[in-house]
There are 2 protein chains.
Amino acid sequence: MPRGNCRGQGWWHGKFRGCGYRLTLGREVILDVLSKAEGHLSAEDIYMKIHPRYPNVGLTTIYRTLDVLSDLGMVFKLDFGDGRARYEFAEGPKGAHHHHHLVCTGCNKVIDYTDFIDDEVELLNQTEKGLSKKYNFKITNHLIQFYGLCEKCSEKK
Amino acid sequence: MPRGNCRGQGWWHGKFRGCGYRLTLGREVILDVLSKAEGHLSAEDIYMKIHPRYPNVGLTTIYRTLDVLSDLGMVFKLDFGDGRARYEFAEGPKGAHHHHHLVCTGCNKVIDYTDFIDDEVELLNQTEKGLSKKYNFKITNHLIQFYGLCEKCSEKK
DNA sequence: TTTAAAAATGGAAATCATTTTCATTAAGGA
DNA sequence: TCCTTAATGAAAATGATTTCCATTTTTAAA
């Protein structure tokens, strides 16, 4: 196994235990689904994906687990304005596949973009430093979203 | 009256009518509260402020009006993760008092910051252009929020 | 191992912000 | 002023998320 890669079966085991959380089937399954998902999943999306194979993992547990995962910083909770939260896997130590969002206010479609990210991230880091110092704020994350109309919605108008 | 300043009694009249909306007492009052508010108000905050003097403006109307105002781009709808939407007056033609947010994930306090904004905005404009072209997206707005722990919440830990 | 305390769970019920319904009222062009 | 239509309020509905609570599971200690 390549060095530095702590993925693979149960790489998050330590993270859980280290923070006093227990490792349970439900949590593993949810994390697994999230880490393999392409897009941004709602709690119910996750439930749907899990249910066929693990019918005894309830929606309540999914919400609770997503909360825990957010606290641990393993998952990022997003709001695209359609009334339900979405969750996105915060890339582990390996692949820092960072991206921001382009949200269509017409159809709620969300595009992840990874272009322009380098400049943005550099500026963000500077800004973070400045803000941290000035406001004594311990910044752990940021959210950048552009809102507008996608091609289709622009045409409909 | 200074040129270029279309504030003052009813400066939004034209905007409303121009878009086919009627000008009603409720809408004026809501807009008035928002434009004078310091922070970010929830629908209920607005209701509370309005109710004593205008007890016949219902919460439903507030929600409906906020929707309209969002569509018109006169108000920006925000989510700070506490389950209720906040609304912020999108500065009119006069005072472009642009700011971004610093959100404490511990106590949900929100700090508006206006420092670093210039550089950020410049970069954002470039990014917007690039994204607009690449994805054929008509960008109308952006949201930048930093998440972390404020001083107090850091200490509690 | 076995055991016991604590954490985690699921299902049902509760919550609560936001929407919808619908009968009534008000805005504004003719 | 009159008339069409948008806007409104109150109450009911909705729907995502939380809470409750009795039961099960995890894990550390014996």
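The two protein copies meet through the same surface, because 100% of the interface residues of chain A are also interface residues in chain B. That is a good place to start with this structure, which is a predicted model.

**How the two copies are related**

Turn chain A by 180° with 0.0 Å of shift along the rotation axis, and chain A superposes on chain B with an RMSD of 0.1 Å. The two copies are therefore related as by a two-fold rotation axis. Which residue of chain A comes closest to the rotation axis? Look for Ile144(A), whose C-alpha is 2.4 Å from the axis.

**A walk along chain A**

Chain A has six helices and six strands. If you follow the chain from the N terminus, the elements come in the order α-α-β-α-α-β-β-β-β-α-β-α. Chain A has 157 residues, and 41% of them count as buried. Among the contacts in chain A with a separation of 6 or more, 50% are made by residues 24 or more positions apart.

**Where the protein meets DNA strand C**

Now turn to the DNA. DNA strand C is surrounded by 19 residues, and the closest come from both protein chains: Asn56(A), Thr61(A) and Arg64(A), together with Tyr63(B) and Arg84(B). Of the atoms of DNA strand C that come within 4 Å of the protein, 68% belong to sugar and phosphate.

Helix H4 (59-72) of chain A and helix H4 (59-72) of chain B each supply at least two residues of the surface near DNA strand C. What kinds of residues make up this surface? The residues there divide into five nonpolar, seven polar and seven charged.

Three individual approaches to DNA strand C are worth finding in the model. A polar side-chain atom of Arg84(B) lies 2.5 Å from a phosphate oxygen. Gly58(A) takes part through its backbone, with an N or O atom 3.1 Å from a phosphate oxygen. Thr60(A), in contrast, has a side-chain N or O atom that is 3.4 Å from a base nitrogen.

**Salt bridges**

Over all chains, the whole structure holds six salt bridges. The table shows some of them.

| Salt bridge | N to O distance |
|---|---|
| Arg86(A) with Asp82(A) | 2.5 Å |
| Arg86(B) with Asp82(B) | 2.5 Å |
| Lys36(B) with Asp32(B) | 3.1 Å |

Are the partners in these pairs buried or exposed? In chain A, Arg86(A) is buried, because its relative accessible area of 16% is under 20%. Its partner Asp82(A) is partly exposed, with a relative accessible area of 30%. In chain B, Arg86(B) is buried at 17%, while Asp82(B) is partly exposed at 31%.

The pair in helix H2 of chain B has its own setting. Asp32(B) is partly exposed, with a relative accessible area of 29%, and Lys36(B) is exposed, with 63%. Why are Asp32(B) and Lys36(B) separated by about one helical turn? Both sit in helix H2 (residues 25-36) of chain B, and they are four residues apart there, so about one helical turn lies between them.

**Putting it together**

To find your way around, begin at Ile144(A), the residue of chain A that comes closest to the rotation axis. Then move to helix H4 (59-72) in chains A and B, each of which supplies at least two residues of the surface near DNA strand C. From there, Arg84(B) is one of the closest residues to DNA strand C.

Methods. Residues numbered from 1 in each chain as written. Chains lettered and ligands numbered in written order. Predicted model: local features only at pLDDT ≥ 70, side-chain atom pairs only at ≥ 80, totals over all residues. Heavy atoms only, no water. Least-squares fit on C-alpha atoms with pLDDT ≥ 70 in both. Contact = heavy atoms within 4.5 Å. Near = heavy atom within 4 Å. Polar contact = N/O pair within 3.5 Å; in protein donor to acceptor, adjacent residues only side chain to side chain. Nonpolar A, V, L, I, M, F, W, Y, C, P; charged D, E, K, R; others polar. Salt bridge = Lys/Arg side-chain N within 4 Å of Asp/Glu carboxyl O. Buried < 20%, exposed > 50% of the residue type's maximum accessible area, 1.4 Å probe, protein only.
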